[in-house]
Amino acid sequence: MNKSLLVCIALLLSLGCAIEPPAEPEPAEANAIVPEGAKLEKLFTRSLPIQGGLTEGPAVAPDGSIYFSDIPFGSDKGKIMRFDPGTGETTVFAEDSGKSNGLTFDAEGYLLAAEGADQGGRQISRWNIETGEKTTVADSYDGKRFNAPNDLALDTKGRIYFSDPRYLGAANRELEHMAVYRIDTDGTVLELTHDVEKPNGVALSPDEKTFFLADHNNGSERISDPDAPPAEHGAMKIYSFPLGDDGLISGPRRTLVDFGKEAGCDGMTVDVEGHVYLTSRSLKRPGVMIINPDGKEVGFISTGPENQTDPQNPIGLPSNVEFGIGEEANVLYVTIDLSLYRIELGVKGYHPY
């Protein structure tokens, strides 16, 4: 078996080999959240000579444009792209993203990025989108470098919550745990929890009393290693944690969704009514699963064929989601494989600013 095939097989256990999804995904099941006839619209597909990886981390800017990560494997540091809803054009914002994954904008209009490993920055960075200047917000906890920051969310006080798993890269880990952290406005880094196997997507409820977390344990820290044997999945679950007035966890976690042996959720977001939008990377049922705060499914947006039988060539695996603002407040943007899509829904997204 050749090395590229081994890479693909290993990658399926977490991210999925990046194969272009169908041009015409099935219409979503109609309900109050997903209106009848709602359909995913393709906006962008990678054309640059970047090898492997996927698109990730859509984030809406103050002007309504959507920034997102295009993550490769290896020495290519990846790019941050910008989609303009007014013109329909997608351009390169940053030629070197530092292997950015999750993105979000703060109250002052700066772009925050979770930079991963595999020769990436392993930090939370802040971009001035007017000048293109990047600065480091934090790159360590207790004097030890982060593993590979993956996804992030903000509260109304400007504090940054982010996950720090490890999926890629040969550099040695310095931290004992794959944990979730919070960066306060004074730069202090606090560990929120390590009651998780491998943290991935994160989100806060609109009232900031609940923290949602995806546990996506693919069983490996070197999925790009061609010599690594296929790894067995660990936990593939969605948890909720209660938060106190201080923004720290104040009670035990609850399991809202258990994907079992199927690959679970990557990124997530919430709407103004408190529903949580989960990007399910299951080959059995790939799509955006919409749940209420108790974990009950209340809607689903298919992004690829169900019951796929070829694990070497998965189709339509979503990675992250983000609502627009203004006239697009009810438009959900979804990164799928190597592309960016959007779909108009019957509810508006929540943003802390």
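# Briefing: salt bridges, an open sheet and two positive-phi residues

Asp70 counts as buried, at 1% relative accessibility. The model described here is a predicted one. The structure holds 14 salt bridges, and the side chain of Asp70 takes part in one of them, with Arg46 as its partner. The points below cover three of these contacts by residue pair, a salt-bridge network, an open sheet of 4 strands, and two loop residues with positive phi, Lys99 and Glu208.

**Arg46 and Asp70**

- The side chains of Arg46 and Asp70 form a salt bridge with an N to O distance of 2.6 Å.
- This pair links distant parts of the chain, 24 residues apart: Arg46 belongs to the loop between strand S1 (41-45) and strand S2 (54-60), whereas Asp70 sits in strand S3 (residues 66-71).
- Arg46 has 12% relative accessibility and counts as buried, and Asp70, at 1%, is likewise classed as buried. Both values fall under the 20% limit for a buried residue.

**Lys79 and Glu95**

- A salt bridge also joins the side chains of Lys79 and Glu95, at 2.8 Å from N to O.
- Because Lys79 is in strand S4 (residues 79-83) and Glu95 is in the loop between S5 and S6, the pair ties together parts that are 16 residues apart in sequence.
- The two partners fall into separate accessibility classes: Lys79 counts as buried at 11% relative accessibility, whereas Glu95 is exposed, with a relative accessible area of 55%.

**Asp106 and Arg126**

- In the salt bridge between Asp106 and Arg126, the closest N and O atoms are 3.8 Å apart. This distance lies within the 4 Å cut-off for a salt bridge.
- Asp106 is located in the loop between S6 and S7, and Arg126 in strand S8 (residues 123-127), so this contact connects parts that are 20 residues apart in sequence.
- Asp106 counts as buried, with 13% relative accessibility, while Arg126 is partly exposed, with a relative accessible area of 28%.

**A salt-bridge network**

- Glu41, Glu328 and Arg342 are joined into one network by salt bridges that share partners.

**The open sheet S6-S7-S8-S9**

- Four strands make up an open sheet in the order S6-S7-S8-S9, and their pairing is antiparallel.
- Strands S6 and S9 (134-138) are the edge strands, each pairing on one side only.
- From one strand to the next, the twist averages 30°.
- Over 4 bridges, S6 pairs in the antiparallel sense with strand S7 (residues 111-115). At residue level, Thr104 has Leu112 in S7 as its bridge partner.

**Positive phi in two loops**

- Most residues other than glycine have a negative phi.
- Lys99 is not a glycine, yet its phi is positive, at about 60°. This residue is found in the loop between strand S5 (90-94) and strand S6 (100-105).
- With a relative accessible area of 3%, Lys99 is buried.
- Glu208, also a residue other than glycine, has a positive phi near 60°. The loop that holds Glu208 runs between strand S16 (199-204) and strand S17 (210-216).
- Glu208 is buried, with a relative accessible area of 16%.

Notes: Residues numbered from 1 in each chain as written. Predicted model: local features only at pLDDT ≥ 70, side-chain atom pairs only at ≥ 80, totals over all residues. Heavy atoms only, no water. Buried < 20%, exposed > 50% of the residue type's maximum accessible area, 1.4 Å probe, protein only. Pairing = 2+ DSSP bridges. Axes fitted to C-alpha atoms, helices over the stretch in contact; angles between N-to-C directions.
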